[in-house]
Amino acid sequence: MKILASDYDGTLNEGWVDDEKRAAVTRWREAGNLFGIISGRGIRNIMDLMEEDGITCDFLIGDNGASIARGNGEVISEALCDGQVAREIIEYFFSRGCNWCWVRPYPEKIVLPEGSEPKPWECTPSTLPVIDKFTQISAAFSEVDMAKESAEKLREIYGEELNFLQNGNCIDIVRLDVNKAVGIYTLLEEVGGKYEDVITVGDNYNDADMIREFRSYAMDNAVPMIKELANATTKSVTELIYKELE
């Protein structure tokens with residue numbers, strides 16, 4: 001049995017998920033292997049995307065490794081952060097001009113700048129509910145440099161308790177001991193898999209830990225660092241699957 005953990009944005013989904021990719025995932029699973037998504041997105045969001053894409057997963061790893069779920073979305077493990085620092089971080093992000101923040105899963109809220117007209121799953125800093133705990137806070141900026149500077153500043157303040165993962169103009173914040181590699185190890189404990197069973201594929205900076213730790217592929221469109229860390233490159237998840245099935 002092999003366990004394929006695929007990043008979503010820019011990896012499984014390069015702007016589309018076609019019939020060929022769906023067929024490849026189906027064939028992979030029918031051969032007795034496990035397939036799952038590992039993403040900076042939350043579990044609920046991944047589930048919605050899998051339904052839209054017509055992809056069936058055996059497992060889901062969300063929030064950059066902080067949330068582990070079965071393929072049906074049932075959460076089986078969460079690495080929680082103390083919510084006391086959340087409001088401070090969110091207020092800092094908006095003082096730096098971020099476009100939005102996303103706190104999950106307690107509460108699962110997207111935070112918009114003051115003056116916005118939030119939908120039911122959204123709020124503004126002034127209407128943000130009390131945050132007792134969270135798995136991840138995400139923030140998006142208009143400029144990559146703004147995200148980089150904000151991540152560096154917050155790392156100076158909270159670096160002994162939180163892990164700041166920057167991907168372009170976005171920042172994801174999880175518990176210090178959490179990353180995608182840690183998420184896969186947690187999954188292996190749950191499903192009884194082995195280290196040597198794992199194959200990972202990704203394209204961006206928050207994939208670095210899993211790409212470095214396990215046998216790995218980098219997408220042809222990956223950032224240079226990921227290509228340097230990976231064991232091989234591939235043009236698509238479809239190509240990877242058929243190569244591994246040979």
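Okay, let's start at a proline: Pro107 lies in the loop between β7 and β8. Keep in mind that this is a predicted model. The peptide bond running from Tyr106 into Pro107 is cis, with omega near 0 degrees. And that loop has a second case. Pro105 also lies between β7, residues 100-104, and β8, residues 109-111, and the bond from Arg104 to Pro105 is cis too, with omega near -5 degrees. As a reminder of the background, most peptide bonds are trans, and most residues other than glycine have a negative phi.

That second point brings me to another loop, the one between β3 and β4. Asp63 sits there, and Asp63 has a positive phi of about 55 degrees although it is not a glycine. Asn64 is in the loop between β3 and β4 as well, again with a positive phi of about 55 degrees and again not a glycine. So are these two buried or exposed? Asp63 is buried, at a relative accessible area of 2%, and Asn64 is buried at 0%.

Now the sheet. What order do the strands come in? There are eight of them in an open sheet, and reading across you get β5-β4-β3-β2-β1-β14-β15-β16, with mixed pairing. At the edges you find β5, residues 75-78, and β16, residues 232-234, each of which pairs on one side only. From one strand to the next, the twist averages 20 degrees.

Let me pick out two of the pairings. β2 and β3 run parallel and are joined by three bridges; if you want a register point, Gly36 stands opposite Phe59 in β3. Then go over to β4, residues 67-70, which is antiparallel to β5, again with three bridges. There, Ile68 stands opposite Ser77 in β5.

While we're here, have a look at the side chains on β3. In a regular strand the side chains alternate between the two faces of the sheet. In β3, Phe59 and Ile61 point one way, Leu60 and Gly62 point the other way, and all of them are buried.

Next, what lies across the sheet? Helix α1, residues 19-30, lies across β1 (3-6), β2 (34-38) and β14 (198-202), and runs at about 130 degrees to β2. Helix α2, residues 43-53, lies across β2, β3 (59-62), β4 and β5, at about 135 degrees to β3. β2 is on both of those lists.

Last stop is a helix pair. The axes of α3, residues 86-95, and α4, residues 144-158, come within 11 Å and cross at roughly 155 degrees. Anything over 145 counts as roughly antiparallel, so that is what we call α3 relative to α4. As for handedness, α3 passes α4 in a right-handed crossing. Which residues make the contact? From α3 you have Glu88, Ile89, Tyr92 and Phe93, and from α4 you have Ser150, Lys153, Leu154 and Tyr158. By type, that contact divides into five nonpolar residues, one polar and two charged.

If you open the model yourselves, I'd go to the loop with Pro105 and Pro107, then to Asp63 and Asn64. That's it from me.

Key: Residues numbered from 1 in each chain as written. Predicted model: local features only at pLDDT ≥ 70, side-chain atom pairs only at ≥ 80, totals over all residues. Heavy atoms only, no water. Pairing = 2+ DSSP bridges. Helix = DSSP H or I, 4+ residues; strand = E, 2+ residues; numbered from the N terminus. Axes fitted to C-alpha atoms, helices over the stretch in contact; angles between N-to-C directions. Contact = heavy atoms within 4.5 Å. Parallel < 35°, antiparallel > 145°, perpendicular 65-115°, else oblique. Left-handed = near helix turned anticlockwise from the far one by under 90°. Nonpolar A, V, L, I, M, F, W, Y, C, P; charged D, E, K, R; others polar. Buried < 20%, exposed > 50% of the residue type's maximum accessible area, 1.4 Å probe, protein only.
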